[in-house]
Amino acid sequence: MTKQYGILAFPAKHSVSPVVYNAAFKALDIDAQFGFFEIPENELDDFMKQVKDGLADGMSVSLPYKEVMLNYMTQVSEDAKRIGAVNTVVNNGGVLYGYNTDFLGSNEALKEAVGELKGKPVVILGAGGAARAVIYGLLKEGANVLGILNRTIGAAEKLAEEFSKMFDVKIEAYSSENLADVLPFKDKLTDAILIQTTSIWTLQPDILAEDAEKLCPAEYVKYFSTVMDIVYKPILTPLLKTAQSLGKKVITGDRMFLFQAAEQFKLFTEKEPPMEVMENILAENLI
Ligand code: ATR
């Protein structure tokens, strides 16, 4: 019987996952299809019952359900538990397994660009759910996560404290206001990476250049050697444009997406993903 997969999110229709997975299934001649599960919050309970009953063999999970998904799983991987989010569900005959492949995706995207992460100084912009997976991945690799910068300082402090304890390290928290004046960690940024994890580009696709610049001004970006953005729409975010104009190495969000999807594909199919096919179809569908 044709296996059923899909992206569970709200909204979901903007996702590139279906086109990428369907191309990958086709390339390997796997009898499966991948669709959209655009489910509003008040229907999630019902929907998850149907999933358990066989509606789906597996799901990619995105906003706003990654955290709440933990409650619906029969079993959750240690990584997903510690991140506090599930982005991959595998349904094995009504037994739901929850995993997180986001942190593997961000690690791969970083390693591809800069090599070994152990000891690398990194600064994180944003303190939401996406930041959690990225920070967790970095700390697992032994990177030197200097600090978390966020619009709401309280959220940055909370995250910094939680992960400092979890990995027995010292992560600092700063407000992301006035970065050009404060220049956090200014003297420690030789060969450092800046990672943008906020949802600003997604929430404000038509943001004006001067407002975009406020998130992280060029006066601060100039201290880093590499800048990564985890958002893939647009592929070259305003921050990456700034970084590029300053001659920095940039890592676009499609790389993290590709590598997390590849790990997810393995969990869904127990097969090696056709990377080139996935990469090409992704490139065709992103601008
Ligand atoms: P996600 O799962 O995508 O991380 P989230 O958990 O809602 O989503 O977190 C969103 C992150 O983007 C937060 O760090 C948020 O900052 P606040 O904690 O101050 O809310 C950040 N963010 C969203 N819009 C932003 C904006 N316009 N400027 C700066 N940061 C923004």
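A polar contact here is a pair of N or O atoms within 3.5 Å. With that in hand, here are some close-ups of this predicted model.

**View 1. Thr 152 and the ligand.** An N or O atom in the side chain of Thr 152 sits 2.5 Å from an oxygen atom of the ligand. That spacing falls within 3.5 Å, so the pair counts as a polar contact.

**View 2. Arg 151 and Ala 127 at the ligand.** Arg 151 brings a polar side-chain atom to 2.9 Å from a ligand oxygen atom. Ala 127 takes part through its backbone: one of its N or O atoms there lies 2.9 Å from an oxygen atom of the ligand. On its own the ligand would expose 640 Å², and the protein buries 74% of that.

**View 3. The shell around the ligand.** Step back to see the 15 residues that surround the ligand, with Ala 127, Gly 129, Asn 150, Arg 151 and Thr 152 the closest. By type, the shell has six nonpolar residues, eight polar and one charged. Helix 5 (129–140) and helix 8 (200–203) are the elements that each give two or more residues to this shell.

**View 4. Where the two domains meet.** The domain assignment splits the protein into domain 1 (3–100 + 258–284) and domain 2 (103–251). Their C-alpha centres are 26 Å apart, and the contact draws on ten residues from domain 1 and 17 residues from domain 2. Together the domains bury about 1,200 Å², 58% of it on carbon and sulfur atoms.

**View 5. The domain 1 side of the contact.** Look for Arg 82, Ile 83 and Phe 259: this trio supplies 52% of the area that domain 1 buries against domain 2, more than any other three residues.

Definitions and conventions:
Residues numbered from 1 in each chain as written. Predicted model: local features only at pLDDT ≥ 70, side-chain atom pairs only at ≥ 80, totals over all residues. Heavy atoms only, no water. Near = heavy atom within 4 Å. Polar contact = N/O pair within 3.5 Å; in protein donor to acceptor, adjacent residues only side chain to side chain. Areas by Shrake-Rupley, 256 points an atom, 1.4 Å probe, with all protein chains shown as cover. Helix = DSSP H or I, 4+ residues; strand = E, 2+ residues; numbered from the N terminus. Nonpolar A, V, L, I, M, F, W, Y, C, P; charged D, E, K, R; others polar. Domains from an automatic or database assignment. Contact = heavy atoms within 4.5 Å. Buried area = accessible area lost by both parts, 1.4 Å probe.
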